[in-house]
Amino acid sequence: MNLAVQILANGGLVAIPTETVYGLGAAINNEVAVAKIFTVKGRPHNHPLIVHLAHLEQLHLVAHNIHPDAVRLAHACWPGPLTLLLQRNENVSMSVTGGRDTVAVRIPDNAFTRQLIVNLGSPIAAPSANRFGKVSPTTAQHVCDDLQNDVDLIVDDGASSIGVESTIVDFSVSPPQLLRPGGIPIEDIEQILGYTIRDTDGISRASGMLQNHYQPSCNVLLVHTDKEAQQLKVSLVSQYQLVRILNRCDNLPLYATLLYSDLRQADADQIQALIAVLPENKGLGAAIRDRLTKAAGSGTTLPAS
Ligand code: TXA
Ligand code: MG
């Protein structure tokens, strides 16, 4: 713990565990460290970072004019896989927010990381600890595989329990919009709020909303049923030697928890085509579908049967 605090306080980068995915953390008030995040990730500077807090009292340090419904949601869901997009407080630098007047904030459900933020005395800005566009890390080993030489410390707190990134709800617009489906189903959020949340209708504002993201090296092909997966596998034998089917639709929490490990394992096993069965577009299934669709890039989904 002390080492992690020291490194962050001195402008270094620490890979931090969270319940969603591992993050690449820097103290938000250290411009040099924040700049390093973008360099290490190979991330464009206009793609903003999520600010991680230890407790709700820190919210006013980073955001202002906060919508009462956002506060209500924060009370109900934090610590947890929910990120709120709010109006930026001036003491959060534009380098963290990609030049925007909004700031993305969450309290992660990881005791070590929250204590680290407390001991550091500053919120931590952290994107997922992977190279831009690649598969997110859900274990310390994943971070080590990707960023070993570019991060000062990797904190190993076991595998992330949720396995997909946080749900992002934009409260800087009215009515609020869903920017990214994630670890907490939008239906749960709507139930707390008592009204429905629209998908974002603006231009792609979150990097996770780019069409190609979360991508392994193998081809990811999408189908809707196990039967389609089997048929496709048979039809691919002449084209590919190593084809694998990914289908955990009978257990969505497990599908999410293992998703990025499964994608990474396919590459490690030199699988050429990974046939992934899409879950229904509801609950946690929405986030899994979103990640799989992006892992596949565009145009590889078979028509719904
Ligand atoms: O679960 C998570 O959210 C993980 C863990 C580490 O907390 N973090 C994560 O960070 O997924 P990242 O950088 O991979 O994705 C954050 C997303 C990006 O798509 C980014 O563009 C969006 O949040 N975002 C952050 N600040 C924003 C802002 N001010 N306006 C619009 N989008 C924003
Ligand atoms: Mg990411």
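1. The chain of this predicted model contains 10 helices and 14 strands. Its radius of gyration is 19 Å, close to the 19 Å that the globule rule gives for 305 residues, so the chain is as compact as a globular protein of that length. Along the principal axes, the C-alpha trace spans about 60 × 45 × 30 Å.

2. On burial and contacts, 54% of the 305 residues of the chain count as buried. Where contacts link residues at least 6 apart in sequence, 68% of them join residues at least 24 apart. The accessible surface of the chain comes to about 13,000 Å², and carbon and sulfur atoms account for 50% of that area.

3. As to charge, the chain carries 22 positive and 28 negative charges, and the mean positions of these two sets are 4 Å apart.

4. Helix α7, which covers residues 186-193, has I186, I189, E190 and L193 as its buried residues. Seen down the axis of α7, these buried residues fall within an arc of 100°, so they line one face of the helix. The elements against which they pack are α4 (68-77), β5 (82-88), β9 (167-170) and β10 (177-180). A reader following the chain past α7 comes to G194, whose phi is positive, near 85°.

5. Two cis peptide bonds deserve a look, and both can be placed relative to the elements that pack against α7. One joins W78 and P79, with omega about -5°, and P79 is found in the loop between α4 and β5; the buried residues of α7 pack against both of these elements. Another cis peptide bond joins S174 and P175, again with omega about -5°, and P175 is found in the loop between β9 and β10, which are likewise among the elements packed against the buried residues of α7. For context, most peptide bonds are trans.

6. The backbone at N65 should also be checked, since most residues other than glycine have a negative phi. N65 is not a glycine, yet it has a positive phi of about 50°. This residue is placed in the loop between β4 (63-64) and α4, and with a relative accessible area of 60%, N65 is exposed.

7. A further backbone point concerns Q270, a residue other than glycine whose phi is positive, near 55°. Q270 is found in the loop between α9 and β14, and at 61% relative accessibility it counts as exposed.

8. D269 is found in that loop too, between α9 (252-268) and β14 (273-277). At 31% relative accessibility D269 counts as partly exposed, because this value lies between the limits of 20% for buried and 50% for exposed residues. Leaving aside neighbours within four places in sequence, D269 is in contact with L242 and R244. The C-alpha atoms of D269 and Q87 are separated by 45 Å, and these residues are 182 apart along the chain; Q87 falls within β5 (82-88), one of the elements packed against the buried residues of α7.

Conventions:
Residues are numbered from 1 along each chain as its sequence is written. Chains are lettered from A and ligands numbered from 1 in the order in which they are written. This is a predicted model: local features need pLDDT of at least 70, side-chain atom pairs count only at pLDDT 80 or more; totals for chains, interfaces and linings use all residues. Side-chain values use heavy atoms; hydrogens and water are left out. Helices (H or I, at least four residues) and strands (E, at least two) are DSSP runs, numbered from the N terminus. The radius of gyration is taken over C-alpha atoms; the globule rule is 2.2 Å times the number of residues to the power 0.38. Buried means under 20% relative accessible area, exposed over 50%, partly exposed in between (1.4 Å probe, protein chains only). Contact means heavy atoms within 4.5 Å. Accessible areas come from the Shrake-Rupley method with a 1.4 Å probe; for residues, only the protein chains shown count as cover. Lys and Arg count as positive and Asp and Glu as negative; His and the chain ends are not counted. The place of a charge is taken as NZ of Lys, CZ of Arg, CG of Asp or CD of Glu. The arc is that of the directions from the helix axis to the C-beta atoms.
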